[in-house]
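Let's take a quick tour of a protein and see which side chains sit together. Have a look at the picture first, then follow the bullets below.

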Amino acid sequence: MSPGALVSSFLSPDAAAALAALASLDAGSTAGDAGGRADVVPPLDRLRGIRSLVAALEADPASLVAARAAVEAGATWDDVAEAAGLSASAAKYRWAGDDDAIAERQEASRRRKRERPSSSPTDLPGESVSEAAKRLGVTPNAIYQRVNRGLVEARTVTLPDGRSYKRVFFEAEAEAGAEAD
C-alpha cells in the first residue's frame, strides 16, 4: 500500500485534497531545484498551501476519531495530549465526551466570546488610575493615596456584560482647590 493511500484512508476528503495540493507544490519546488532553479513555486503560493492544509487538518474529524480510539484502547488523557502537542485539559476540552457534549462546549465558548469583547471600552466616564497617573506625572499609588485622602473620587463602573473598571474623577480635587482660595 502506498503512503498516499494510507493517508487518505483516515483523512477527510478536504484534508486529503489540501495535503495533495501541498505535496504537488513541494514536488514542483523540488523539480525546480533539480533543474538548478530554486523556488519555482512562489512563496505566497507555498504559504497559502501550508495554511490551507493546517485549516483542513484543524477541521478534520480524524483527530477526534484517533483521540477517542486511543482513550478506548487504554491511553490516558495525558498520553493523548502529549501525542497531540496539547495540555491534558486542552485535549479533554477538544475531544472528551460525545459529539453533543463537544458541540455544547464549543458553542458556550463562542457565546462567551461574543458576550465579552476582548478590548477595553473607550467611552467610560472619568479616567483610569493609570491614565490619571500618567497625565499628572505620578505613580498609580499616588493616585490611590489621593483617593484615600478624599482628594479624588473613585468609582467602579460595571458594564452590562459584567466587566468592571476602577475610574477616578478629579471634581473633588478641583472643589478642594476652589475652597482653599
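Which side chain does Glu107 meet in a salt bridge? The partner is Arg110, with 3.2 Å from N to O. Keep in mind that this is a predicted model. Below we go through the charged pairs, then a nonpolar core, a buried arginine and two aromatic rings.

**Salt bridges**

- Counting through the model gives seven salt bridges, and three of them get a closer look here, starting with the pair you just met.
- Glu107 and Arg110 sit three residues apart in helix α7, so about one helical turn separates them.
- Glu107 is partly exposed, since its relative accessible area is 27%, and Arg110 is partly exposed too, at 43%.
- Another bridge joins the side chains of Arg48 and Asp45, at 3.3 Å from N to O.
- Both Arg48 and Asp45 belong to helix α3, which covers residues 43-59, and they are three residues apart, or about one turn of the helix.
- Arg48 has a relative accessible area of 53%, so it is exposed, because anything over 50% goes in that class.
- Asp45, with 33%, is partly exposed.
- Arg68 and Asp99 also meet through their side chains, with 2.7 Å between N and O.
- Because Arg68 lies in helix α4 and Asp99 lies in helix α7 (residues 99-115), this pair ties together parts that are 31 residues apart in sequence.
- Arg68 is partly exposed at 26% relative accessibility, and Asp99 is partly exposed at 49%.

**The nonpolar core**

- Here's a handy rule of thumb: in soluble globular proteins, nonpolar side chains tend to be buried together.
- In this model, the largest nonpolar core is made of nine residues: Leu64, Ala67, Trp77, Val80, Ala81, Ala91, Trp95, Ala96 and Ile102.
- Three helices each put in at least two of these core residues: α4 (62-72), α5 (77-84) and α6 (88-95).
- The top contributor to the core is α5, which gives three residues.
- For a view from inside the core, try Val80: beyond its neighbours within four places in sequence, Val80 is in contact with Ala67, Ala70, Val71, Ala75, Ala91 and Trp95.

**A buried arginine**

- Now find Arg167, which is part of strand β3 (residues 164-169).
- Is Arg167 buried or exposed? Arg167 counts as buried because its relative accessibility is 8%, and the cut-off for buried is under 20%.
- A polar atom of the Arg167 side chain lies 2.9 Å from the backbone oxygen of Pro125.
- Setting aside neighbours within four places in sequence, Arg167 is in contact with a list of residues that includes Leu124, Pro125, Gly126, Glu127 and Ser128.
- Also among the contacts of Arg167 are Glu131, Glu153, Ala154, Arg155 and Val157.

**Charges over rings**

- How many aromatic pairs does the structure hold? The count is zero.
- Rings do turn up with charged partners, though: Arg155 lies over the face of Phe169, at 3.8 Å from the ring centre.
- Arg135 lies over the face of Phe170, at 4.9 Å from the ring centre.
- Arg155 is worth a second look, since Arg155 is one of the residues in contact with Arg167 and also lies over the ring of Phe169.

Terms used: Residues numbered from 1 in each chain as written. Predicted model: local features only at pLDDT ≥ 70, side-chain atom pairs only at ≥ 80, totals over all residues. Heavy atoms only, no water. Phe/Tyr/Trp six-rings, centres within 6.5 Å; stacked < 30°, edge-to-face > 60°. Lys NZ or Arg CZ within 6 Å of the ring centre and 35° of its normal. Core = buried A, V, L, I, M, F, W, Y, C linked by side-chain atoms within 4.5 Å. Buried < 20%, exposed > 50% of the residue type's maximum accessible area, 1.4 Å probe, protein only. Helix = DSSP H or I, 4+ residues; strand = E, 2+ residues; numbered from the N terminus. Contact = heavy atoms within 4.5 Å. Polar contact = N/O pair within 3.5 Å; in protein donor to acceptor, adjacent residues only side chain to side chain. Salt bridge = Lys/Arg side-chain N within 4 Å of Asp/Glu carboxyl O.
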